[in-house]
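I am opening my notebook to get to know a new structure. Come along while I look things up.

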Amino acid sequence: MAISLAQFYDDVVFWEMAKNTNKFFVTFERGAFGIPNDKRESIGTSEITYPHVSSNTLGSDKFELGVTRNAASFKTFFEDDEIGPASNHGYDGFITTTELKGTRYFESVLTSSVFTTPTFTYEVRGAGGTVTTTRTVSASYYYPYSSHQLSVLRKSPTLIIDLDKDNELPDGIGAKGFVLIPENTHPDIKANLDFYLEKAGYK
């Protein structure tokens, strides 16, 4: 099922950050330099956080592990002017607006970022029909004036490996996953791997 960008940010990105489950970063591309490679050498990366708005109080008690997005108010990440036409979780606001984590906005000569305050106009369908509204956004970067990537850093233990899945795991990872061991692991351990894994708490 296809979802909108606003829904993805509201239901996944903002929620994960509010719960302090994972960290998200945005990398800006197409700067002033690096022309030989489509300007992709000119990048700047910054950690983002969820919108800190007054509506957070409607869901802050749910910012904990194990609670789904639907358990909190649909207005949790909305600014005041977004709440009017909304009535349920099927509505995700006018525009996806994130905050850079920290106390300063992101600006870089290398990436040609310019701090601006553009005003956007939206037509939003509410209970009384279509409503026209505007929003002024203060930002150093905003789509489509720069390309960007969204990345996530999971706080759970993560191991990055050079693995040829097609050749080294021809049958896939199976239902229980797989175990990586060094090539020089003692033969006795290799022969009794299930025993040691069970001792370590893996069954």
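Entry 1, aromatic pairs. I searched the whole structure of this predicted model and found nine aromatic pairs. I started with F63 and F77, which are stacked, with 6.2 Å from centre to centre and 5° between the planes. For stacking, the planes have to be under 30 degrees apart.

I then asked why this pair ties together separate parts of the sequence. F63 and F77 both lie in the loop between β2 (44–49) and α2 (80–83), so their contact links parts that are 14 residues apart in sequence. I also checked how covered they are: F63 is buried, and F77 is buried too.

Next I turned to F74 and F78, an edge-to-face pair with 6.1 Å centre to centre and 85° between the planes. Both F74 and F78 came out as buried.

Entry 2, the cluster. Which residues join F63 and F77 in one aromatic cluster? I noted F8, Y9, F14, W15 and Y50 as the other members.

Entry 3, the surface. I looked for charge on the outside and found a negative surface patch made of D162, D164, D166 and E168. Of these, I could place E168 in helix α3, which covers residues 165–168.

Entry 4, the overall layout. I stepped back to view the whole protein chain, which has five helices and six strands. Reading along the sequence, I wrote down the pattern α-β-β-α-β-β-β-β-α-α-α. Last, I looked up burial for the chain: 31% of its 203 residues count as buried.

Conventions: Residues numbered from 1 in each chain as written. Predicted model: local features only at pLDDT ≥ 70, side-chain atom pairs only at ≥ 80, totals over all residues. Heavy atoms only, no water. Phe/Tyr/Trp six-rings, centres within 6.5 Å; stacked < 30°, edge-to-face > 60°. Helix = DSSP H or I, 4+ residues; strand = E, 2+ residues; numbered from the N terminus. Buried < 20%, exposed > 50% of the residue type's maximum accessible area, 1.4 Å probe, protein only. Patch = residues over 30% accessible without salt bridge, like charges linked within 9 Å, V, L, I, M, F, W, Y side chains within 5 Å. Areas by Shrake-Rupley, 256 points an atom, 1.4 Å probe, with all protein chains shown as cover. Salt bridge = Lys/Arg side-chain N within 4 Å of Asp/Glu carboxyl O. Lys, Arg positive; Asp, Glu negative; His and termini not counted. Charge placed at Lys NZ, Arg CZ, Asp CG, Glu CD.
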